[in-house]
Protein chains: 2
Amino acid sequence: MRLNLLPSAEAAVRLNSLAKNLTDYNIDIAVIDDNATKYYLTGQVFAGQIIVMAREPRMECFVRRPNHLEGKEVRHVRKPEEIPALLPAATLQSAKTVGFDFGVTDVATFNRLSSLFPSLTAVNSAAAIRATRAIKTPAEIDKIALSGRLQTEVYDQIPALFHPGMTDLQLQIEIERDLRLKGCLGQFRIAGNSMELFMASILAGDNADNPTPYDFAMGGAGIDPSLPVGANNTVITPGSTVMVDANGNFTGYMTDMTRTFACGPTDDQAMIAHQLSIDICDAVARAARPGKKASALYELAIEMVDRAGLRHFFMGHHQQAGFIGHGVGIEINEAPVIAPRSRDIIQEGNVIAVEPKFVIPGVGAVGIENTYVVEADHTRCLTLAPTELRQLG
Amino acid sequence: MRLNLLPSAEAAVRLNSLAKNLTDYNIDIAVIDDNATKYYLTGQVFAGQIIVMAREPRMECFVRRPNHLEGKEVRHVRKPEEIPALLPAATLQSAKTVGFDFGVTDVATFNRLSSLFPSLTAVNSAAAIRATRAIKTPAEIDKIALSGRLQTEVYDQIPALFHPGMTDLQLQIEIERDLRLKGCLGQFRIAGNSMELFMASILAGDNADNPTPYDFAMGGAGIDPSLPVGANNTVITPGSTVMVDANGNFTGYMTDMTRTFACGPTDDQAMIAHQLSIDICDAVARAARPGKKASALYELAIEMVDRAGLRHFFMGHHQQAGFIGHGVGIEINEAPVIAPRSRDIIQEGNVIAVEPKFVIPGVGAVGIENTYVVEADHTRCLTLAPTELRQLG
């Protein structure tokens, strides 16, 4: 079986993009050891390392397992200590730096792999990798768009999954099953170790205001202190809202979509806040043109919230999140970050999730989240379920 | 809300155990930054760090979020740079080393946190933490045993979830739903970044022989190259087997259980191999007494396999795994490791999953996996579903 499952032109585009970013950061050689970036470069996950020689540019895949992967850039090794002897001596001699993604490489692995290159200075390649993966190729955008269509089909069915007396968790379990039957892979990739979530955040009523340790936009107490986030066995009762933010990974690439559902009549302020969330998404999408500062998109949202006098309910109530959006692709927390101190600049090919959400005490969470791709002439929405507060049941 | 949810005597037992192991490794202060070990020490997950002062012993929890956690050992900080000034000067002055778990701490976090202690030598605390968490307290064993009972209830229902014509993935989705309805948290904690699995490995027929990049006992092609493991849409047909190894995390602590099901009449060699797996589990459990080398348990299994002439089918066929068991608790890959070169010694309080499995070409995977707790006078099985090859449907 071929290791590199990408068409060769596509593989070259991705390698060249990474090589250019590495070179911009003065990184001569990069060691790729994480599943997400291996998947980016080859369309497949394997155990082993990719060595990117940025100046040429070229890459070699050193595979520990599985043992049946083949290709001209593939070498099978039992351990990474075999790698240096298999690299071109001229490349190693002319190189000065070797990059590792410090954000996802554990210290033990870093110590082991960096010792293979004693003559090179080990540097952080995280920014170069992040910049590369932030600009999606058309083939990547196709995968993300397909995830968005499939996720939309599931979201369209959510009201029919509800029956009176259901808890948030019972509804979540039926949504999980529908996602899986539609092809959702389940795996929810988050770069770094600190954030954990299983399949979905479903927030009913005042559970939306329970704070979480994780850096998600919303909270929820969860059902166990080992995983304090999301649904907490709240019975869904009339007058409350149910916010659904569920796994959109159908293709190795994910979309991020939130929709809010109403159980019975809804409080006026919640209706106003929900419409404002839709309006903010529209405004941010219009403003998210190449060259725009990501921080300016955050400011745009905050101004709209302030004009409506809803700041105390924005991105949480007792505990508020400090961002309104983020890049999404193979992982849920890619660049750019839409936050006040973000230095990211919006670029063509960015795929961004925008999630201006509110928590209204006594009612629950309201608002939406859409995933958009920044194209040359406009910003296209990939998450297409109806945005209004739909009735459950 | 209290941060430390453990009864104070239980919290003290765990802290003292970790402090003793740290001291044995000459680690004076340990910085705990991963969710699994934070949960071990406090019964809760939060954003921030625990500082363990091993010589006293004492710990302080520095919490970034959530903002409502309280307790005498809790300090709220905006960033970890505030920590050193909040620690006792005498402790810092007398300390020489500060430990970080190199196996789970990323380089960026390590660089940031180790720079807070410029006068101390940063060392690897992974072995001390691993040794601590390998010995479960009675309260931890109760949680694991409860997971085992709930997981058993779900496994008992698996034959009733099957209908003819079903694929492996369709059966998996119904098992996932049953697990979740019974209280399974879903989250499947694996230390390190390299292994990924969503909820379950369900292997039908020859898909069991498809190799995976991950260090699991079994393989499977999966349904997408971004996650090449497990079910691959194989239709479950008469004459094949279906091996089910599904998530046992109901309490923050998990059990690991595998059972194999038959669709129609089963090949004689597969029946023999399945019974041998049961016999190996029984023999390993009897032999797994405190003081026994983990490697000797592996040798015991291999001898039984060799006597039966089934070595070519053991732990895979085209690609074979090099272990037959592992510790389990908060994470699925804890100590001890039951493998030929393991240096681990079985101890009272270990909880071990034993999974001698076979892949029979043309039939599928057979065998079982049980989770056992090593008690003073015997080794007790916590995964109680019937072990025989049960008929589906």
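These legends accompany close-up views of a predicted model.

**View 1. The contact between chain A and chain B.**
Chain A gives 49 residues to the contact, and chain B gives 49 residues. On the side of chain B that touches chain A, at least two residues come from each of α2 (35–42), α5 (107–114) and α9 (168–181). With five residues, α9(B) supplies the largest share of that side. Sorted by class, the side of chain B that touches chain A holds 24 nonpolar, 17 polar and eight charged residues.

**View 2. The rotation axis between the copies.**
A turn of 180° with a shift of 0.0 Å along the axis lays chain B on chain A, with an RMSD of 0.0 Å. The two copies are therefore related as by a two-fold rotation axis. B:Asp106 comes closest to this axis among the residues of chain B, its C-alpha lying at 2.1 Å. Because 100% of the interface residues of chain B are also interface residues in chain A, the copies meet through the same surface.

**View 3. The largest nonpolar core.**
This core has 236 residues. Those that touch the most other members are A:Val52, A:Val242 and A:Val244, together with B:Val52, B:Val242 and B:Val244.

**View 4. The surroundings of A:Val52.**
A:Val52 is one of the residues that touch the most other members of the largest nonpolar core. Which residues is A:Val52 in contact with, leaving aside its neighbours within four places in sequence? They are A:Leu18, A:Ala19, A:Leu22, A:Ile29, A:Ala30, A:Ile32, A:Pro57 and A:Met59.

Key. Residues are numbered from 1 along each chain as its sequence is written. Chains are lettered from A and ligands numbered from 1 in the order in which they are written. This is a predicted model: local features need pLDDT of at least 70, side-chain atom pairs count only at pLDDT 80 or more; totals for chains, interfaces and linings use all residues. Two residues are in contact if their C-beta atoms, placed from the backbone, lie within 7 Å. Helices (H or I, at least four residues) and strands (E, at least two) are DSSP runs, numbered from the N terminus. Ala, Val, Leu, Ile, Met, Phe, Trp, Tyr, Cys and Pro count as nonpolar, Asp, Glu, Lys and Arg as charged, and the others, Gly among them, as polar. Copies are superposed by least squares on the C-alpha atoms of residues with pLDDT of at least 70 in both. A nonpolar core is a set of buried Ala, Val, Leu, Ile, Met, Phe, Trp, Tyr and Cys residues joined through C-beta atoms within 7 Å. A residue is buried if 20 or more other C-beta atoms lie within 10 Å of its own, exposed if 12 or fewer, and partly exposed in between; C-beta atoms are placed from the backbone.
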